[in-house]
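Here's a quick tour of a protein model, covering its sheet and the empty spaces in it. Have the structure open as you read.

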Amino acid sequence: MLKQQSTQIRIVLVEPAGPLNVGSVARIMKNMGFHHLVLVNPQCDPHGLEARKMAVHAPEILETATIVQTLPEALKGCQRAIATTSLDRSLPTKLENPRHSLPWLLGYPAALIFGREDRGLTNVELNYAQRFVRIPSDNTYRSLNLAQAVAICCYELYHLQTIALSDQKSQDSPPNPAPNLEAPIDLIEAYYQDLETLLLKIGYLYPHTASSRMEKIRRLFNRAYPSTEEVAMLRGMIRQMNWALSNHCENDS
């Protein structure tokens, strides 16, 4: 069970610039039993000598890392995603302590997202996560090194999984897990794209304010954790509304 939960969680680095950091992350991941590394548009060579030197006995993490160009690609197939940030953002969703929020990832295809070494994640990139964490640190210097941040979060997850495994062994008959019904993030993202197109068409959204309005809509739906069936229903409603709009326009002409 411990290994199964680890394999469901991917560590996502967005545009990492330092090969030493990437190599260190690979080593940390192997230390804590994680193996799925995803690099979004890396700004360094993750297979070069510097990265491999820091990975030490974890070169396979670098060799099998998935490299994609965009964050939505990195999250394909995930049902849950948490993004890390060290900055105070104008987000309606609070920044949480990793110890309190990371258990939410366990048991699901999930992603833990880390931003660039120099400026973290953009507000647009944060939109793809459902929850946000900030590692507590002294106010005089909050920003942690990328590899250090990954190490802290991976340790917390490893510790949580170890406790869960110990509790399970102490029970005569462990409870059956709840059905895993939440829709994948990429399916929800497709719904958001459909919805934005429709809302622009009917005039509820305007091009110059669509982004900020859609952020609020995303937050609302992210709190609901809709199932695949529910997202399919919502997309079906949008298709029907688009058909009705087209049919109405044809009748008017």
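What follows is a short walk through the sheet, a cavity and a pocket of this predicted model.

## The sheet

Let's start with the strands. Seven is the count here: an open sheet of 7 strands runs in the order S3-S2-S1-S6-S4-S7-S5, and the pairing is parallel. Strand S3 (66–68) and strand S5 (95–96) sit at the edges with a single partner strand each, so one side of each has no neighbour in the sheet.

Helix H2 (residues 19–31) packs on this sheet, where it touches strand S1 (9–14) and strand S2 (36–40). The direction of H2 makes about 160 degrees with that of S2. Elsewhere in the sheet, strand S4 (residues 80–84) and strand S6 (residues 110–114) pair up in the parallel sense, over 4 bridges. If you want a spot to click on, Ala81 stands opposite Ala111 in S6.

## The cavity

How many cavities of 30 Å³ or more does the structure hold? Just 1, and the space in this largest cavity comes to about 80 Å³. Its lining is made up of Asn127, Tyr128, Gln130, Ile185, Ile188, Glu189, Tyr192, Arg218 and Asn222. By type, that lining splits into 4 nonpolar, 3 polar and 2 charged residues.

Which helix gives the most to this lining? That's H9, with 4 residues. Helix H9 (185–201) and helix H10 (210–224) each supply at least two of the lining residues. Zooming out to domains, the lining takes at least three residues from each of domain 1 (9–169) and domain 2 (185–252).

## The second largest pocket

Now for an open space. The second largest pocket holds about 350 Å³. It is lined by 22 residues, and the closest to its centre are Thr84, Thr85, Ser86, Ser143 and Leu144. Strand S4 (residues 80–84), paired with S6, is worth keeping on screen here.

What is the make-up of this pocket's lining in nonpolar, polar and charged residues? The lining divides into 8 nonpolar, 7 polar and 7 charged.

Methods
Residues numbered from 1 in each chain as written. Predicted model: local features only at pLDDT ≥ 70, side-chain atom pairs only at ≥ 80, totals over all residues. Heavy atoms only, no water. 1 Å grid on protein atoms, 1.4 Å probe; cavity = no way out; pocket = protein on both sides within 12 Å on 5 of 7 lines; lining within 4 Å. Points joined across faces, edges and corners; volume = space filled by probe spheres on them. Nonpolar A, V, L, I, M, F, W, Y, C, P; charged D, E, K, R; others polar. Domains from an automatic or database assignment. Pairing = 2+ DSSP bridges. Contact = heavy atoms within 4.5 Å. Axes fitted to C-alpha atoms, helices over the stretch in contact; angles between N-to-C directions.
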